[in-house]
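Biologist: I should like to examine one part of this model closely, with each step of the reasoning set out for a first-year student. Please consider the structure shown here.

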Amino acid sequence: MPVAPVKSTERIELLPVLKQSFGFTSFRPLQEQIIRDALAGKDVFALLPTGGGKSLCFQLPALVRRGLTVVVSPLIALMKDQVDALQASGIAATFLNSSLAAGESRARLRGLHNGEYRLLYVAPERLMLSGFLSDLQRWQVNQLAVDEAHCISEWGHDFRPEYRQLAELRALFPNVPMMALTATATTRVRQDIVQHLKLREPGCYVASFNRPNLTYRVLAKAQAYDQTLDFIRRRPRDSGIVYCQSRKSAESVAERLTRDGIKARPYHAGLSAEERSQHQELFLRDEVRVICATIAFGMGINKPNVRFIIHYDLPKNIEGYYQETGRAGRDGLPGECVLLFSAGDVVKQTQFIDEKPDPQEQKIAREQLQQMVHYAESAVCRRKELLGYFGEEFEASECGACDNCLSPRATFDGTIAAQKFLSCVYRIRERSGFGVGLNHVVEVLTGADTDKIRRWGHEQLSTYNIGKEHSRPEWSVIGRELVRLGLLRQTAEKFSVLELTAEGRNALRERRTITLTRPAKAPETRVHQAGEITCDEALFEQLRQLRKRLADERGVPPYIVFSDVALRQMARDYPANERDFARISGVGEKKLREFGAMFLAEIATYLQTHPRQIFAADSFIAPATTRVSLNDTTHATWQAFNAGQSVPEIAASRRLAPSTIYGHLCTAIESGKPVDLGRFFTPAEQQQIADAFALVSYGNLTGVRELLGERFDYNLLRIFRAAKSARAAGG
């Protein structure tokens with residue numbers, strides 16, 4: 001049954017609506033606060049990571065108040081995907097775009113005139129047509145939601161000029177609250193969004209960028225196709241996306257994979273709209289396992305069970321890389337992200353940048369590429385690097401789910417090499433009065449005979465030809481690491497030059513010991529992944545087949561019926577009646593009525609010939625954490641807590657957020673410091689939480705919280721998990 005709209009903004013009970021329409025028993029972080037602000041008529045800026053539940057923030061308010069919510073979305077495929085999912089849950093939603101025949105558009109417009117819909121998805125180009133804006137002003141619009149809002153900023157990774165026109169909406173709809181949503185935005189981009197959309201004193205919500213269920217790896221690129229084929233073959237049931245730099249490469253990789261027995265299709269701007277739509281539909285319906293897409297073309301994939309992302313070529317910037325990797329594991333189950341990296345890809349990207357007509361665009365692109373190369377070549381925790389780029393601190397020294405933490409790279413005493421490189425940069429500027437680029441420094445060190453070296457007299461430098469012990473590619477890697485270490489600065493101009501920093505001058509003068517890192521050759525290591533749900537795999541496979549049949553009959557992707565998370569919970573809990581089935585994540589009233597009997601019958605039939613597997617509470621064994629060291633501020637928090645102060649008291653006295661104090665305590669526990677769980681939970685509560693972790697998994701805090709009826713917040717569950725992990729490590 002549809003939810004009855006409310007007539008005012010009085011406090012509304014949201015959890016019954018959430019369960020009835022969407023099948024969930026609790027909100028994800030920040031969702032409820034955002035929804036409350038929206039219902040109170042406030043402007044909102046929301047930055048939630050991919051898979052963090054952005055769409056619910058405007059979908060749920062649309063159900064509990066009168067009028068129409070208009071959602072601006074840049075991608076046709078994404079509109080259809082979201083509308084299909086809403087309609088499957090019994091929610092009146094529609095979209096208008098160029099994919100519709102004239103007759104269908106007219107029918108939907110009639111429905112909008114008659115007030116039949118709660119949500120309308122529309123592209124920015126269509127929205128800003130004068131005739132369409134006139135219609136909107138008659139349709140009782142109560143919310144304007146701008147999805148993928150980073151597209152409005154030239155500093156965003158996916159800038160779209162048509163998004164700039166949305167600045168006019170405030171004047172046209174002065175009394176309609178606006179919501180801007182994105183998954184990836186630096187501080188600069190966030191400011192751009194608020195300014196251009198003219199948001200008025202918005203509630204600003206920025207969730208953690210951390211995706212704990214994703215594993216990040218960067219592999220040295222060597223025979224890229226063979227590396228890709230081997231990776232995919234070792235995951236015979238998994239779906240994934242391979243991102244390529246060019247259309248030709250996307251076509252070639254898809255064709256070769258298909259020849260080698262893996263169903264794949266290309267997806268890029270050179271295909272017709274019909275071909276793109278067909279290929280995406282095959283992927284969404286699990287008819288095709290792999291999509292090979294160009295980095296430059298946004299996919300708008302909302303498929304929650306994408307298990308891997310491979311970057312066949314180097315992404316242009318970290319925002320794009322983060323968003324693309326974020327398409328893995330949207331359902332909270334494990335996802336793997338692999339980047340194949342070579343210095344040759346840097347050269348290709350630089351050439352593309354040089355072809356841009358606008359010098360300002362070139363400068364921005366060079367800065368972004370330098371940051372991407374820094375990430376790819378860095379030896380520190382990938383997660384720490386990613387979160388740091390977006391201004392978020394990852395307090396643990398290791399994440400346990402990236403190549404640099406799982407297989408730390410060897411280091412060596414690079415003092416002599418660093419001294420030679422820094423000296424060469426210094427001598428070149430001293431002689432010529434100007435700086436030069438990385439390649440020229442490498443050529444001087446290795447004794448190259450080039451026109452520039454002869455013209456500028458650099459063959460007479462004391463550092464000329466003193467670097468024969470390393471190849472040119474090795475010197476290039478050393479130079480870039482010295483930039484990362486802050487000993488050199490690299491400009492972002494067209495003719496990028498290297499300059500000594502004050503720190504670099506000191507290191508050179510003091511002959512300071514400098515440790516450098518060997519290039520990445522990380523092998524794959526299978527480890528526990530956050531988000532895993534152990535279950536009866538044979539039953540899970542049968543339920544997948546039933547889901548596929550039902551989806552095909554209805555002409556929708558399988559995940560519209562149920563997510564993998566729901567199927568895995570069914571294959572773990574063996575629900576035997578409607579009451580048990582309703583407890584499964586994602587089972588709302590409509591899906592219970594439509595699918596409950598069929599899935600319950602499938603499970604009952606399976607149990608007639610297969611033994612029930614036991615997934616008991618004692619199977620919750622948290623993986624041992626890697627011991628971390630405490631900094632002064634974290635140690636001070638632990639001391640205060642150990643002396644008897646509560647978390648609120650410590651937060652108030654230190655002028656920090658309670659969530660920060662909980663984070664300090666988690667780090668303290670992981671470092672081996674004792675923290676009494678009895679101050680947070682009764683013994684009975686500890687057993688209940690352990691049981692929930694056993695049923696859902698170590699990494700899936702959202703699932704655990706839902707299972708416990710939202711009685712414990714995320715901070716408390718993190719404390720419990722950290723304590724169990726420390727115990728596993730022998731703490």
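What span should the 13 residues of helix α22 have at 1.5 Å a residue, and how far apart are its end C-alpha atoms?

Modeller: The model is a predicted one. Helix α22 covers residues 472-484, which makes 13 residues. The expected span is 1.5 Å times one less than the number of residues, so a helix of 13 residues should span 18 Å. The end C-alpha atoms of α22 are 19 Å apart, which agrees with that expectation.

The surroundings of the helix come next. A residue counts as buried when its relative accessible area is under 20%. In α22 the buried residues are W475, S476, I478, G479, R480, E481, L482 and R484. Among the elements that cover these buried residues are the helices α15 (343-354), α16 (359-377), α19 (415-432) and α20 (438-445). The cover also includes two strands, β15 (488-490) and β17 (515-517). Just after α22, G486 adopts a positive phi of about 85°.

Elsewhere in the model, an open sheet of 7 strands follows the order β3-β4-β2-β5-β6-β1-β7, and its pairing is parallel. Strands β3 (93-96) and β7 (203-206) lie at the edges with a single partner strand each, so one side of each has no neighbour in the sheet. From one strand to the next, the twist averages 15°. Within this sheet, β1 (residues 44-47) runs parallel to β6 (residues 178-182), and 4 bridges join them. F45 is placed opposite A180 in β6. Helix α10 (residues 187-196) lies across β1, β6 and β7, and runs at about 155° to β1.

Methods: Residues are numbered from 1 along each chain as its sequence is written. This is a predicted model: local features need pLDDT of at least 70, side-chain atom pairs count only at pLDDT 80 or more; totals for chains, interfaces and linings use all residues. Side-chain values use heavy atoms; hydrogens and water are left out. Buried means under 20% relative accessible area, exposed over 50%, partly exposed in between (1.4 Å probe, protein chains only). Contact means heavy atoms within 4.5 Å. Two strands pair if DSSP finds at least two bridges between them. Axes are lines fitted to C-alpha atoms, for helices over the stretch in contact, and angles run from 0 to 180 degrees between N-to-C directions.
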